[in-house]
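Subject: The structure I promised you

Hi,

Here is the structure we talked about, so open it up and keep it beside you while you read. My notes on what turned up in it come right after.

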Amino acid sequence: EFFSFARRVMALAGVTVLELAGIGPGPLAACVLADFGADVITIVRVSRNKKGEAVVDSEPSTLGRGKRSIAIDLKSKEGVATVLKLAKQADVFIEPFRPGTVEKLGIGPEDLMAVNPRLIYGRM
């Protein structure tokens, strides 16, 4: 109950951040935003093994504190649709990939801004 109250009175309470899981400064930036009260949702990539089974590409990290996560297959139409739906309600989007990577998936800045023009897009 205390933590629920504390989140509501923090500086970034009410701000929703979507973070694509990765390495580098993205997870740290999202962690700091969560520390200040933002609702951070980490999108963890799902890949397929040789048998076609879904495998979640994630390892526990101290940078995951205060964040929620969802596993999404970013290479599927359903996964892209889910990201676009989440982005429609988000305030901030953080992605850690090289330029061109998310554009190939259909979730680049232009794609997300088309569904949410007020979205703050951070490429790290």
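Let's begin with Pro27. If you skip its neighbours within four places in sequence, Pro27 is in contact with Glu19, Gly22, Leu63 and Lys67. One thing to keep in mind as you click around: this is a predicted model. Pro27 sits in helix α2, which covers residues 25–35. Is Pro27 buried or exposed? Its relative accessible area is 9%, so Pro27 counts as buried, since the cut-off for buried is under 20%. You can also check Pro27 against Thr42: they are 15 residues apart in sequence, and their C-alpha atoms are 8.7 Å apart in space.

Now hop over to Glu19, one of the contacts of Pro27. Glu19 belongs to strand β1 (residues 16–20). With a relative accessible area of 1%, Glu19 is buried. Again leaving out neighbours within four places in sequence, what does Glu19 touch? Its contacts are Gly26, Pro27, Ala30, Val40, Ile41, Thr42, Ile43, Lys67 and Ile94. So Thr42, which I used for the distance check with Pro27, turns up here as a contact of Glu19.

Next, the salt bridges. How many does the structure hold? There are 5, and here are some to look up.

One of them joins the side chains of Arg118 and Asp91, at 2.8 Å from N to O. Arg118 is in the loop between α5 (109–115) and β6 (120–123), while Asp91 is in the loop between α3 (77–89) and β5 (92–95), so this pair ties together parts that are 27 residues apart in sequence.

Glu95 and Arg123 form another salt bridge, and their closest N and O atoms are 2.6 Å apart. Because Glu95 lies in strand β5 and Arg123 in strand β6, this pair ties together parts that are 28 residues apart in sequence. The accessibility of the two partners is worth a look too: Glu95 is buried, with a relative accessible area of 0%, whereas Arg123 is partly exposed at 34%.

Arg123 also meets Glu103 in a salt bridge between their side chains, at 2.7 Å from N to O. Glu103 is in helix α4 (residues 101–105) and Arg123 in strand β6, so here the parts tied together are 20 residues apart in sequence. Glu103 is partly exposed, with a relative accessible area of 35%. Put these pieces together and you get a network of salt bridges linking Glu95, Glu103 and Arg123.

Last stop: the second largest pocket. Its volume is about 170 Å³. Of the 10 residues lining it, Arg45, Leu74, Lys75, Phe97 and Leu105 are the closest to its centre. Which element gives the most to this lining? That would be β2, with 3 residues. Both β2 (39–48) and α4 supply at least two residues each, and α4 is the helix that holds Glu103 from the salt bridges above. Sorted by class, the lining of this pocket has 4 nonpolar, 2 polar and 4 charged residues.

Have fun exploring, and write back if you get stuck!

Cheers

Definitions and conventions
Residues numbered from 1 in each chain as written. Predicted model: local features only at pLDDT ≥ 70, side-chain atom pairs only at ≥ 80, totals over all residues. Heavy atoms only, no water. Helix = DSSP H or I, 4+ residues; strand = E, 2+ residues; numbered from the N terminus. Buried < 20%, exposed > 50% of the residue type's maximum accessible area, 1.4 Å probe, protein only. Contact = heavy atoms within 4.5 Å. Salt bridge = Lys/Arg side-chain N within 4 Å of Asp/Glu carboxyl O. 1 Å grid on protein atoms, 1.4 Å probe; cavity = no way out; pocket = protein on both sides within 12 Å on 5 of 7 lines; lining within 4 Å. Points joined across faces, edges and corners; volume = space filled by probe spheres on them. Nonpolar A, V, L, I, M, F, W, Y, C, P; charged D, E, K, R; others polar.
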